[in-house]
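Trainee: Hi, have you got a few minutes to go through a model with me? I'd like to ask short questions and jump around a bit.

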Amino acid sequence: MSNDKVTITDHRTGKSIDCPILGGTHGPAVVDIGNLQKKLNLFTHDPGFVNTSSCASNITFIDGDEGILLYRGYPIAQLAEHSNFIEVSYLLMYGELPTSAQLEAFRHSICHHTLLHEELLRFYRGYRYDAHPMAILVGIVGALSGYYHDDLNIDDPAHREMAAHRLIAKMPTIAANALKYGQGHPFNYPDNTLDYVENFLMMMFAVPTETCSVNPISARAMELMLILHADHEQNASTSTVRLAGSSGANPFACVAGGIATLWGPAHGGANEAVIRMLHDIRNPGDIPKYIERAKDKNDPVRLMGFGHRVYKNYDPRATIIRQACHDLLDELSAHNQPLFEVALKLEEIALKDDYFIERKLYPNVDFYSGIILTALGIPLNMFTVIFAVARSVGWISHWMEMMGSEDQRIGRPRQLYLGAEKRDYVPIDIRS
Ligand code: CMC
């Protein structure tokens, strides 16, 4: 037997099993505990899946210690510099960079599925005028399952591919309508002569009374936001989509589950928290006081947009987006607006502070993405929606990978039961 194994012994019974160690392309190897229950009648216990690989995947790799993020093997910095969101979407979905002909065919398909069914537009009217755009997004994407279900055979790869194209194409339309609904403005129809990002910005910002031209600086900044947020391996929302999809459910309903998961403040909501914090600080002169509060263990204040659970040296997305953020503020001549002044001063002071240096607390992607979205004129409650538009590509790529895998089976975690022991039912009249 190979030495690439871990032996697990249950000292209560003296029984042992050898569990093979499986090596990946990069990253820690994993212990295959497939026989644990069968041979030792044991489960593993890992709340939060901190030590658990839930699947094999070829899509994205993260090394938190080294600050590495690869999409299909390509470093995120190279994609951010040379690629665009449509090409990155193709890469994530199909595994390789496209040829010109493949890219053109993909772009054409995405461009021609941007319209929503007219009846679907009526769903928006069922929401309260002040509904959070994420609530709208969950509902409308879920409702797509009502339009694409009976004719959809998820066992057919061509059908899965079409569902993926439809999702990627319709997400900007659905997201922009969610914004327009809250503003009381008419919805804009997509314009297929524009590219993906321009079309998205146009649908969010155009009003019928004015001609709308998309600022190329804004378009590039949005393109970068979408590329950087397109995938992040088995995070909570992606795992939700995989788990929901493992039962054979409709992909649009599965993605609605992913959107619901992303909405939580521990996942997609941090960029919003950054802007709220900057508003709270308000005055650059108050930054040192705020930083002291963030360092005080008796004070719940933390510097939002600093630190990361996985990236312990630096967040590679933050390095890229930081430059873009500074460039954007320069180009929009926005440096001297109070909010951005506070942000840049806070960054400068925190990066020199021993507390943050010793704990390796660097600004993360959300510190800068909140500032960029604010500079682009995107309302705060749309930040997570923008994240969802980007991440829908990751979600559907993972769904396609899972559905195409030969050993695909329903996800069914087990538990450590700590409830009451087996007991007999007590009739109500004799209960004390
Ligand atoms: N401000 C002040 N102190 C902090 C901060 C912060 N933002 N983050 C961590 N610390 C301190 C923490 O108190 C602890 O200090 P000590 O060692 O003295 O007890 C030390 O740094 C280690 O912190 P931790 O809580 O063990 O780190 P974690 O890996 O559990 O938490 C985090 C990571 C992102 C939840 C946390 O850094 C945080 O709350 N940051 C602010 C919120 C934020 O920006 N979240 C977005 C993350 S990026 C999202 C994404 O990629 O999807």
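Mentor: Sure, and let's settle the labels: helices here are DSSP runs of H or I with at least four residues, strands are runs of E with at least two, and both are numbered from the N terminus. Keep in mind that this is a predicted model.

Trainee: Good. Which element gives the most to the lining of the second largest pocket?

Mentor: That is α14, which contributes six residues to the lining.

Trainee: And what is the volume of that second largest pocket?

Mentor: About 250 Å³. The second largest pocket has 13 lining residues, and those nearest its centre are Arg220, Leu224, Gln323, Ala324 and Asp327. Two or more lining residues come from each of α2 (76-82), α9 (216-228) and α14 (316-331).

Trainee: How do the residues of that lining divide by class, nonpolar, polar or charged?

Mentor: Eight of them are nonpolar, four are charged and one is polar.

Trainee: Now the closed spaces. How many cavities of 30 Å³ or more does the count come to?

Mentor: One cavity reaches 30 Å³ or more. The largest cavity has a volume of about 70 Å³.

Trainee: Which residues line the largest cavity?

Mentor: Its lining is made of Ile86, Arg107, Ile110, Cys111, Thr114, Leu194, Asp195, Tyr196 and Asn199. Helices α4 (100-111) and α8 (196-205) are the elements that supply two or more of these, and α4 has the largest share, with three residues. By class, the lining of the largest cavity has five nonpolar, two polar and two charged residues.

Trainee: I was also looking at isoleucine 168. Is it buried or exposed?

Mentor: Isoleucine 168 is buried, because its relative accessible area is 0% and the cut-off for buried is under 20%. You'll find isoleucine 168 in helix α7 (residues 157-183).

Trainee: What does isoleucine 168 touch, not counting residues up to four places away in sequence?

Mentor: Isoleucine 168 touches Met93, Phe106, Ile110, Tyr196, Val393 and Ile396. Two of those names, Ile110 and Tyr196, also appear in the lining of the largest cavity.

Trainee: And how are isoleucine 168 and phenylalanine 356 separated, C-alpha to C-alpha?

Mentor: Their C-alpha atoms are 39 Å apart, and along the chain the two residues are 188 residues apart.

Trainee: Changing topic: where does leucine 69 lie?

Mentor: Leucine 69 sits in strand β5 (residues 68-71). With a relative accessibility of 2%, leucine 69 counts as buried.

Trainee: What is leucine 69 in contact with, leaving aside its neighbours within four places in sequence?

Mentor: The contacts of leucine 69 are Thr60, Phe61, Ile62, Tyr74, Pro75, Ile76, Asp231, His232, Tyr311, Pro316 and Arg317. Leucine 69 and glutamate 233 are 164 residues apart in sequence, while their C-alpha atoms are 9.5 Å apart in space.

Trainee: Glutamate 233 rings a bell. Which residues is histidine 398 in contact with, leaving aside its neighbours within four places in sequence?

Mentor: Histidine 398 contacts Ser57, Ile59, Asp231, Glu233, Gln234, Thr238 and Arg242. Asp231 is also one of the contacts of leucine 69. Histidine 398 belongs to helix α18 (residues 383-403) and is buried, with a relative accessible area of 0%.

Trainee: Now helix packing. At what angle do α12 and α17 pack?

Mentor: Helix α12 (residues 270-281) and helix α17 (residues 365-375) pack at about 75°, and their axes are 8 Å apart. The two helices are therefore roughly perpendicular to each other, because angles from 65 to 115 degrees fall in that class.

Trainee: Which residues meet there?

Mentor: Ala270, Asn271, Val274, Ile275, Met277 and Leu278 of α12 meet Asp366, Phe367, Ser369, Gly370, Ile371, Leu373 and Thr374 of α17. By class, this contact has eight nonpolar, four polar and one charged residues.

Trainee: Last one, the backbone. What is the phi of asparagine 41?

Mentor: Asparagine 41 has a positive phi of about 50°, although it is not a glycine. Most residues other than glycine have a negative phi. Phenylalanine 49 also has a positive phi, near 50°. Asparagine 41 is in the loop between α1 (36-40) and β4 (60-63), and phenylalanine 49 is in the loop between α1 and β4 too.

Trainee: And is asparagine 41 buried or exposed?

Mentor: Asparagine 41 counts as exposed, at 62% relative accessibility. Phenylalanine 49 is exposed as well, at 56%.

Notes: Residues are numbered from 1 along each chain as its sequence is written. This is a predicted model: local features need pLDDT of at least 70, side-chain atom pairs count only at pLDDT 80 or more; totals for chains, interfaces and linings use all residues. Side-chain values use heavy atoms; hydrogens and water are left out. Buried means under 20% relative accessible area, exposed over 50%, partly exposed in between (1.4 Å probe, protein chains only). Contact means heavy atoms within 4.5 Å. Axes are lines fitted to C-alpha atoms, for helices over the stretch in contact, and angles run from 0 to 180 degrees between N-to-C directions. Angles under 35 degrees count as roughly parallel, over 145 as roughly antiparallel, 65 to 115 as roughly perpendicular and the rest as oblique. Ala, Val, Leu, Ile, Met, Phe, Trp, Tyr, Cys and Pro count as nonpolar, Asp, Glu, Lys and Arg as charged, and the others, Gly among them, as polar. On a 1 Å grid over the protein atoms alone, a cavity is a set of points where a 1.4 Å probe fits but cannot get out, and a pocket is an open set with protein on both sides within 12 Å along at least five of seven lines; lining residues have an atom within 4 Å of a point. Grid points are joined across faces, edges and corners, and a volume is the space filled by probe spheres set on the points.
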